[in-house]
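Here are some short exercises to work through with the model open in your viewer. Try each task yourself before reading its solution.

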Amino acid sequence: MFYPVRLIPETDMADETVHLVLDANSLMHFQRPDQIDWPAMLKCRSVSLIITPVLLREIEDQKVTNRSRKLRDRAQAVVAWIANFIENEGHPEIRKGVTLS
(Lines give C-alpha, C1' and ligand atoms only; values in the text may rest on other atoms or scores of the structure.)
Protein backbone atom coordinates (compact mmCIF):
# COMPACT_ATOMS: atom_id res chain seq x y z
CA MET A 1 0.00 0.00 0.00
CA PHE A 2 1.23 3.50 -0.84
CA TYR A 3 1.10 6.27 1.74
CA PRO A 4 2.00 9.72 0.37
CA VAL A 5 4.38 11.79 2.46
CA ARG A 6 3.31 15.32 3.21
CA LEU A 7 6.37 17.51 2.68
CA ILE A 8 4.76 20.80 3.65
CA PRO A 9 4.08 20.91 7.40
CA GLU A 10 0.58 21.54 8.68
CA THR A 11 1.86 24.27 11.01
CA ASP A 12 2.08 27.93 10.02
CA MET A 13 5.65 28.70 8.95
CA ALA A 14 4.96 32.19 7.60
CA ASP A 15 7.65 33.74 9.84
CA GLU A 16 10.16 30.89 9.52
CA THR A 17 13.25 30.24 7.42
CA VAL A 18 13.27 26.74 5.97
CA HIS A 19 16.62 25.04 5.31
CA LEU A 20 16.71 22.57 2.41
CA VAL A 21 19.63 20.37 1.36
CA LEU A 22 19.89 20.14 -2.43
CA ASP A 23 20.73 16.83 -4.02
CA ALA A 24 22.31 15.96 -7.36
CA ASN A 25 19.14 14.50 -8.90
CA SER A 26 17.15 17.66 -8.29
CA LEU A 27 19.85 19.74 -9.96
CA MET A 28 20.37 17.36 -12.87
CA HIS A 29 16.76 16.62 -13.80
CA PHE A 30 14.55 19.50 -12.67
CA GLN A 31 14.32 23.28 -12.77
CA ARG A 32 17.27 25.25 -11.47
CA PRO A 33 16.69 26.30 -7.86
CA ASP A 34 16.65 30.00 -8.78
CA GLN A 35 13.65 29.37 -11.06
CA ILE A 36 11.47 28.01 -8.23
CA ASP A 37 9.47 30.20 -5.86
CA TRP A 38 10.48 28.26 -2.76
CA PRO A 39 8.88 30.56 -0.13
CA ALA A 40 5.50 30.38 -1.87
CA MET A 41 5.71 26.61 -2.32
CA LEU A 42 6.76 26.00 1.30
CA LYS A 43 4.58 28.78 2.73
CA CYS A 44 7.43 30.35 4.67
CA ARG A 45 9.26 33.68 4.93
CA SER A 46 12.55 32.57 3.40
CA VAL A 47 14.47 29.50 2.29
CA SER A 48 18.14 28.63 2.65
CA LEU A 49 19.27 26.09 0.05
CA ILE A 50 22.27 24.13 1.28
CA ILE A 51 24.98 22.89 -1.07
CA THR A 52 27.12 20.16 0.49
CA PRO A 53 30.60 18.95 -0.49
CA VAL A 54 29.05 15.58 -1.39
CA LEU A 55 26.70 17.32 -3.83
CA LEU A 56 29.61 19.10 -5.50
CA ARG A 57 31.51 15.81 -5.86
CA GLU A 58 28.49 14.05 -7.34
CA ILE A 59 27.88 16.78 -9.90
CA GLU A 60 31.58 16.92 -10.83
CA ASP A 61 31.52 13.13 -11.28
CA GLN A 62 28.45 13.38 -13.54
CA LYS A 63 30.21 16.05 -15.58
CA VAL A 64 33.01 13.59 -16.42
CA THR A 65 31.61 10.07 -16.27
CA ASN A 66 27.95 10.15 -17.26
CA ARG A 67 27.31 8.17 -20.47
CA SER A 68 24.79 10.70 -21.73
CA ARG A 69 26.27 13.76 -23.43
CA LYS A 70 23.12 15.69 -22.51
CA LEU A 71 23.58 14.92 -18.80
CA ARG A 72 27.32 15.69 -18.91
CA ASP A 73 26.44 19.07 -20.42
CA ARG A 74 23.73 19.58 -17.81
CA ALA A 75 26.22 18.77 -15.02
CA GLN A 76 28.68 21.28 -16.53
CA ALA A 77 25.94 23.93 -16.54
CA VAL A 78 25.08 23.14 -12.90
CA VAL A 79 28.74 23.42 -11.86
CA ALA A 80 29.03 26.78 -13.62
CA TRP A 81 25.80 28.00 -12.01
CA ILE A 82 26.95 26.99 -8.52
CA ALA A 83 30.45 28.44 -9.09
CA ASN A 84 28.91 31.79 -9.95
CA PHE A 85 27.39 31.97 -6.48
CA ILE A 86 30.19 30.29 -4.51
CA GLU A 87 32.64 32.98 -5.63
CA ASN A 88 30.58 35.52 -3.68
CA GLU A 89 31.15 35.87 0.04
CA GLY A 90 28.40 35.07 2.50
CA HIS A 91 25.03 33.62 1.53
CA PRO A 92 24.07 34.97 -1.90
CA GLU A 93 20.41 35.60 -2.60
CA ILE A 94 19.48 33.73 -5.79
CA ARG A 95 15.93 35.13 -5.86
CA LYS A 96 13.72 37.03 -3.43
CA GLY A 97 13.69 35.17 -0.13
CA VAL A 98 16.05 32.38 -1.26
CA THR A 99 19.74 32.11 -0.36
CA LEU A 100 22.48 29.55 -0.98
CA SER A 101 24.54 28.19 1.90
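**Exercise 1. Find which residue's side chain meets that of Glu60 in a salt bridge, and say which helix holds the pair.**

This is a predicted model, so keep that in mind as you click around.
- Step 1: Check the side chain of Glu60 for a partner; Lys63 meets it in a salt bridge, at 3.0 Å from N to O.
- Step 2: Test that against the cut-off: a side-chain nitrogen of Lys or Arg has to be within 4 Å of a carboxyl oxygen of Asp or Glu. The 3.0 Å pair passes.
- Step 3: Place the pair. Both residues sit in helix H3, which covers residues 53–65, and they are 3 residues apart, or about one turn of the helix.
- Step 4: Look at the cover. Glu60 is partly exposed at 35% relative accessibility, and Lys63 is also partly exposed, at 23%.

As a general point, side chains of opposite charge can pair when their charged atoms come close.

**Exercise 2. Work out how many salt bridges the whole structure has, and describe those not covered above.**

- Step 1: A search of the whole structure turns up 3.
- Step 2: One of them joins Asp73 and Arg69, whose closest N and O atoms are 3.8 Å apart. Both residues belong to helix H4 (residues 69–86), 4 residues apart, about one turn of the helix.
- Step 3: Compare their accessibility: Asp73 is partly exposed at 41%, while Arg69 counts as exposed at 53%.
- Step 4: Another links the side chains of Asp34 and Arg32, at 2.7 Å from N to O. Here Asp34 is buried, with 16% relative accessibility, whereas Arg32 is partly exposed at 33%. The label for Asp34 follows because buried means under 20%.

**Exercise 3. Locate Asn66 and decide whether it is buried or exposed.**

- Step 1: Go to the loop between H3 and H4; Asn66 is there.
- Step 2: Read off its relative accessible area, which is 16%, so Asn66 is buried.
- Step 3: Check what its side chain is up to. A polar atom of the Asn66 side chain lies 2.8 Å from the backbone nitrogen of Ser68.
- Step 4: Skip residues up to four places away in sequence and list what Asn66 touches: Asp61, Leu71 and Arg72.

**Exercise 4. Which residues does Glu16 contact, once neighbours within four places in sequence are left aside?**

- Step 1: Find Glu16 in strand E1, residues 13–21.
- Step 2: Leave out the neighbours within four places, and you get Cys44, Arg45 and Ser46.
- Step 3: Take Cys44 and look at the spacing. Glu16 and Cys44 are 28 residues apart in sequence, yet their C-alpha atoms are 5.6 Å apart in space.
- Step 4: Add the exposure: Glu16 is partly exposed, at 44% relative accessibility.

**Exercise 5. Zoom out and describe the chain as a whole.**

- Step 1: Count the elements: the chain has 4 helices and 4 strands.
- Step 2: Put them in sequence order, and the pattern is β-α-α-β-α-α-β-β.
- Step 3: Sort residues by cover. The chain has 101 residues, and 32% of them count as buried.
- Step 4: Turn to the surface. About 7,200 Å² is exposed, with 55% of it supplied by carbon and sulfur atoms.
- Step 5: Finish with contacts. Among those with a separation of 6 or more, 71% are between residues 24 or more positions apart.

Methods: Residues are numbered from 1 along each chain as its sequence is written. This is a predicted model: local features need pLDDT of at least 70, side-chain atom pairs count only at pLDDT 80 or more; totals for chains, interfaces and linings use all residues. Side-chain values use heavy atoms; hydrogens and water are left out. Helices (H or I, at least four residues) and strands (E, at least two) are DSSP runs, numbered from the N terminus. Buried means under 20% relative accessible area, exposed over 50%, partly exposed in between (1.4 Å probe, protein chains only). Contact means heavy atoms within 4.5 Å. Accessible areas come from the Shrake-Rupley method with a 1.4 Å probe; for residues, only the protein chains shown count as cover. A polar contact is a pair of N or O atoms within 3.5 Å; within protein, one must be able to donate a hydrogen and the other to accept it, and residues adjacent in sequence count only if both atoms are side-chain atoms.
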